[in-house]
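Please look first at how the two chains meet, and then at the sheets and helices that can be followed within them. The report below takes these topics in turn.

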2 protein chains.
Amino acid sequence: MARNITPKEQDYSQWYLDVIKTAELADYAPVRGCMVIRPTGYSIWESIQKYFDEAFKETGHVNAYFPLLIPISFLEKEAEHVEGFAPECAVVTHAGGEELEEPLVIRPTSETVIGHMYSKWVQSWRDLPILINQWANVMRWEKRSRLFLRTSEFLWQEGHTAHATREEALEETLKMLEVYRTIMTEILALPVIAGEKSEGERFPGAENTFTCEAMMSDKKALQSGTSHFMGQNFAKAFEIQFQNQNLDLEYAWTTSWGVSTRLIGALIMTHSDNDGLILPPRVAPVKVVIMPISKDENKLNNSILPSAMELANRLNNVLGSRSVVVDTEFHMRPGDRFFSHLQRGVPLRLELGERDLEQGAVLAVRRDNREKMLLPISDVENSVPVILEQIHNDLYTRALNFRNDNTFQVSDFSEFKSILETNGGFIKAYFAGGVAEEKKIKEETGATVRCFPLEDTSTGKCFFTGKDNAKMAIFARSY
Amino acid sequence: MARNITPKEQDYSQWYLDVIKTAELADYAPVRGCMVIRPTGYSIWESIQKYFDEAFKETGHVNAYFPLLIPISFLEKEAEHVEGFAPECAVVTHAGGEELEEPLVIRPTSETVIGHMYSKWVQSWRDLPILINQWANVMRWEKRSRLFLRTSEFLWQEGHTAHATREEALEETLKMLEVYRTIMTEILALPVIAGEKSEGERFPGAENTFTCEAMMSDKKALQSGTSHFMGQNFAKAFEIQFQNQNLDLEYAWTTSWGVSTRLIGALIMTHSDNDGLILPPRVAPVKVVIMPISKDENKLNNSILPSAMELANRLNNVLGSRSVVVDTEFHMRPGDRFFSHLQRGVPLRLELGERDLEQGAVLAVRRDNREKMLLPISDVENSVPVILEQIHNDLYTRALNFRNDNTFQVSDFSEFKSILETNGGFIKAYFAGGVAEEKKIKEETGATVRCFPLEDTSTGKCFFTGKDNAKMAIFARSY
C-alpha cells in the first residue's frame, strides 16, 4: 500500500488529490481556482485530443479559432444564456492602460461570438452546413474548485455547427454524442451511458441537451461530455439567416458539443487504485517502461542497458514513437523506480535483468492487476500489444461490472431514498416530473436526473408523480 | 489579374488584407484588435504546429499548461519585465460577480507564472533541466492591429527551460534558435537570418535575445521567432534555487523561446502574388486539388468523378490523409472553381477531363508559376511528390534571391540613408553603437538593428561611430 496516498475508502477526495500529486498530473496555480497541468497530465490530454480531433475531422469538421474576449452585450442577446453564465464570468475592465468602454468577459463558452461570426459568413443555403470545432481555454469562476473536475480555467473543445434544417442539426447533435460515446468506450475504457438531459439540466439556451454519463469508483456520476441541439435560439439571437433554395430567408439551426480536461478526472476516478494512477493503454502517453536491473554496474551499462534500448526501439516501432521509455534512474533503488512508474499509471513494466537476458526473456508486470509474465524477447512485437489490448478490455469490463453492480431499478421514492442512503450508485426509475419535481428530489436526496438513456425506450409509471407513460431515467449524485 | 485583390505595387497593406480575405484565412473579431482565425488559416497553423511540436519533442521537451491569469504582483518581481509588458496588459478586475482583491492580467507571456511554479518543482540538481513548452493564447493590447502580424490576442508556443549551468542554458537558447531556423527554411520555405539582437531590441528581462529575421516581399523585415537567454534574472526574481552536487544552493539559469501565428503573416508576405495566397507545399493543409471537368453530366458523374476519387485516394496514401481533395462544386463555372483554389494557395491543381482520362493522363498546374504538365495517371504517386518538392525549392530560391538582391553592405551613414530611401531592404554594416545610437538611427531612418548575424563573424570599422572591431549588423525597417 502506498504510504503517500490516502486510501479511497478512508477519504475519497483526498485519495483523488493524492493520486494527482504522486503522478504529477497537476498543481493548483497561484490564482485561486486555477490549475497548472503538469507534463504528465498534459500528455494525457494530448493523447485524448488526438483521438477526438481525428474523429471530428473524419466526420467532416474543421478547426478554427475565435477570440478569448466577448463583449458582455453579446451574452445578453440570449436570455437563458446570460442568466446561466454571467454570474460565473471573469471580466476585463481595463486594457492597454485605459478603462474599456464596454467590459469584456473571458469566454465561458463561445456560442455568442461564434454566432456573431456565422451571421457574417452565412448568406445562402450553399454556405451550410458550417462544421467547425475549436480547441481552447475557457473560464468559469469557481468558488470551490477541484483539479480537473471543476477549475476556473479549463481546456476543452467546443464544436459549433449551423445547418439548413432542424433534422440535419438534430442528426449532427446525436452523431457527435455517438463520437463521444465511442471514444470514451474504446479509448478511455469508460463505460458511459448516452442519454437525453432533463429540462432542469439543459445547457442555458439549448432546446435539448444530450450527455455521456459515467460512474466513478465512489458510485457518483460524472457528466463526461455533452452535445446540445440549440434549435433556432442562437440563430435568432445573432441573426444567422440564409436564403433557401426557394429564395426565402430562413434562420439556421445550430448545435454545440464539448468535452474537456474533466475527462482526465474521469480516467483517474474510474480506473485508479490506492497505489495511484492506472491508465488505459490507448490513452497512456507512456505505454511501456523498460527497467534494466543489475547490481553489476559493468553488465548494466555494457549489456543490459543496450539491450533495453534496442527493445525500446523495436516496441516504439509497433506502439508509436516515445510510447516506450527506458528507465535509467540508476541512482534510485529498484523498488522506488518501480513505484514511481506504477504511481504514474504506466500500463506495463518490463524488467530486464541479467538472468532474464541470458534466457532471452523479459519479465512483464501489468499495472492494473500486478500479473507477472515471462515474455520471450524475440516475440515482444506480438506479445506486448496483445497484453495492452487485454489491459484495456479488463479495465473496461471491471468498470462496467462495477456500474452494473451499483445500478438499481426502483418503483417508489422510499426505495429510491433507501438505496441512495445505503449504497449510492445509479437509480433507474420511470420519471415524468418537471423542473419542480427534479428540484424536490434533489433537495431531499442530493440526486439529479443524469439522463434519459437512449438505449432504454421503455415506458412505465412515474415513481414520483404516479403518471403513466413515463420515460426511463437514471438518477445519481454527481460531480 | 485578380479583380478582388489590390496589386501589391499599388497598396501593399491592402494587398495583404485582400489576400487574407480571398483565401478566407482570418477576420477581425468584434473585439477591437482581436482576430478570428478561419478554418483555412487555422489549418495552416495546425500544419505549422505539427512540425514545431515534433521538433520540440525530438529535442527532449514536453508540453504543459500554465494559467491564463497572472497576479500583477508577479510581473512586478522583474523590473524590466513589468516595464516592458504592463502597459500592454488586459486586466481582470471582477470575477464571479465580485471585485477581486488583486487584479489579474491576461498573460502577455508566461515567464513569471512559470518561474513561480519552477521554484516549487526544483530542489536538487537532479530536478534539472526542466524542458517545458506551452501552446497557448496570449494577450498584448494593440492600438493598431494587423491580422496575424499584430493582434491583441494571438496564438503561440512558449518554451521555458531551467538549467544547472550558464553554459547549458546558453546551449539550449541556441539549439532552439537552430530548430526554428531549420523549420522556417525547410518547411515554410522562408530564408531567415539567425542572429543576436542588439541591446535595444532584447526581450524585457533577458540577458540576451536571438532571432530569426525574414525579408517580406515589400523588403521590410519580419522577426519570425526569438530565443532568449535569461541568465539568472528570472531565477532570482522567482527564487528558482537548487542544491548542486556539492550541496550548495544555486540559482538556476533559464531560457524562453517562441514562435506565433505571426508566421502565417510571414508566409503570406513572402510567397503570395497579386492573384492571392501561395503556400509552400509542406505546410499547405491541402496540397493538391483534383478537378473533374466535363460538360457531359453523365460522364462527369459516372466516369470522371469516380476516377478523380480514386486518384485522390491514391495520392492521399502518399501525401497524408486529407491533403488531397476533389472539387465537386459543379454548380460553379470551371474558371471560378480554378480561381477559388488558386486564391487559397493550393500548390498543385490536377484537372481531369474526358480526353485526359481516355489518354490515361491528368493536367497538372502549379500555383506558384502556373506551369502546366500532362502527367500519366499510372505514375502520380511518383510524379506529384517530385513536383511538390520542386515547388518548395523554387519558392525558397525565389525568396532567397529576392533577399540577396535587396541586401546591401554600406560603410557610412549617408550611403545607409540613400539605399534605404531609394530601395529599402536589408543594410549590412559594421556597428558598435549602443542603445542611444540605435535610437538616433531609428528616428532618422525608421530602420533598426534586426540582428548581428551568427553566420558572419567578421569585424570592421563602425559605420556610425567610427569605432574599430565592430560586429556585422543587419538593419532594416520592420513589422
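In this predicted model, the contact between the chains takes 43 residues from chain A and 43 residues from chain B, where two residues are in contact if their C-beta atoms, placed from the backbone, lie within 7 Å. As the model is predicted, local features need pLDDT of at least 70 and side-chain atom pairs count only at pLDDT 80 or more, while totals for chains, interfaces and linings use all residues. Residues are numbered from 1 along each chain as its sequence is written, and chains are lettered from A and ligands numbered from 1 in the order in which they are written.

On the side of chain B that touches chain A, the elements of chain B that give two or more residues are strand 2 (35–37), helix 2 (39–58), strand 3 (62–63), strand 4 (69–71), strand 5 (90–95), helix 5 (111–121), strand 7 (130–139) and strand 8 (153–163). Helices (H or I, at least four residues) and strands (E, at least two) are DSSP runs, numbered from the N terminus. Strand 5 of chain B gives the most to this side, with six residues. Sorted by class, the residues of this side of chain B are 27 nonpolar, eight polar and eight charged; here Ala, Val, Leu, Ile, Met, Phe, Trp, Tyr, Cys and Pro count as nonpolar, Asp, Glu, Lys and Arg as charged, and the others, Gly among them, as polar.

How are the two copies related to each other? A turn of 180 degrees and a shift of 0.0 Å along the axis lay chain B on chain A with an RMSD of 0.0 Å, the copies being superposed by least squares on the C-alpha atoms of residues with pLDDT of at least 70 in both. That is the relation of a two-fold axis. The same surface serves both copies, since 100% of the contact residues of chain B recur in chain A. Of the residues of chain B, B:Val92 comes closest to the rotation axis, at 2.1 Å (C-alpha).

Strand 5 of chain A (residues 90–95) and strand 5 of chain B pair in the antiparallel sense over five bridges; two strands pair if DSSP finds at least two bridges between them. The table lists bridge partners from two antiparallel pairings.

| Residue | Bridge partner | Strand of the partner |
|---|---|---|
| A:Val91 | B:His94 | strand 5 of chain B |
| A:Ala95 | B:Ala90 | strand 5 of chain B |
| B:Val362 | B:Leu375 | strand 19 of chain B |

An open sheet of six strands has the order 4(A)-6(A)-5(A)-5(B)-6(B)-4(B), with antiparallel pairing. Strand 4 (69–71) of chain A and strand 4 of chain B stand at the edges, each with a single partner strand, so one side of each is left without a neighbour in the sheet. Neighbouring strands of this sheet are turned by 45 degrees against each other on average, direction ignored.

Another open sheet, in chain B, has five strands in the order 16-15-17-18-19, and its pairing is mixed. Its edges are strand 16 (324–326) and strand 19 (372–376) of chain B, each with a single partner strand, so one side of each is left without a neighbour in the sheet. The twist averages 25 degrees from one strand to the next. Strand 18 (residues 361–366) of chain B runs antiparallel to strand 19 of chain B, and five bridges join them. Helix 9 (residues 297–319) of chain B packs on the sheet, where it touches strand 15 (288–293), strand 16 and strand 17 (348–353) of chain B, and its direction makes about 170 degrees with that of strand 15 of chain B. Axes are lines fitted to C-alpha atoms, for helices over the stretch in contact, and angles run from 0 to 180 degrees between N-to-C directions.

In chain A, the axes of helix 9 (residues 297–319) and helix 12 (residues 380–405) come within 10 Å and cross at roughly 60 degrees. Helix 9 of chain A and helix 12 of chain A are therefore oblique to each other, given that angles under 35 degrees count as roughly parallel, over 145 as roughly antiparallel, 65 to 115 as roughly perpendicular and the rest as oblique.

Finally, a cis peptide bond joins A:Leu128 and A:Pro129, with omega about -5 degrees, and A:Pro129 lies in the loop between helix 5 (111–121) and strand 7 (130–139) of chain A.
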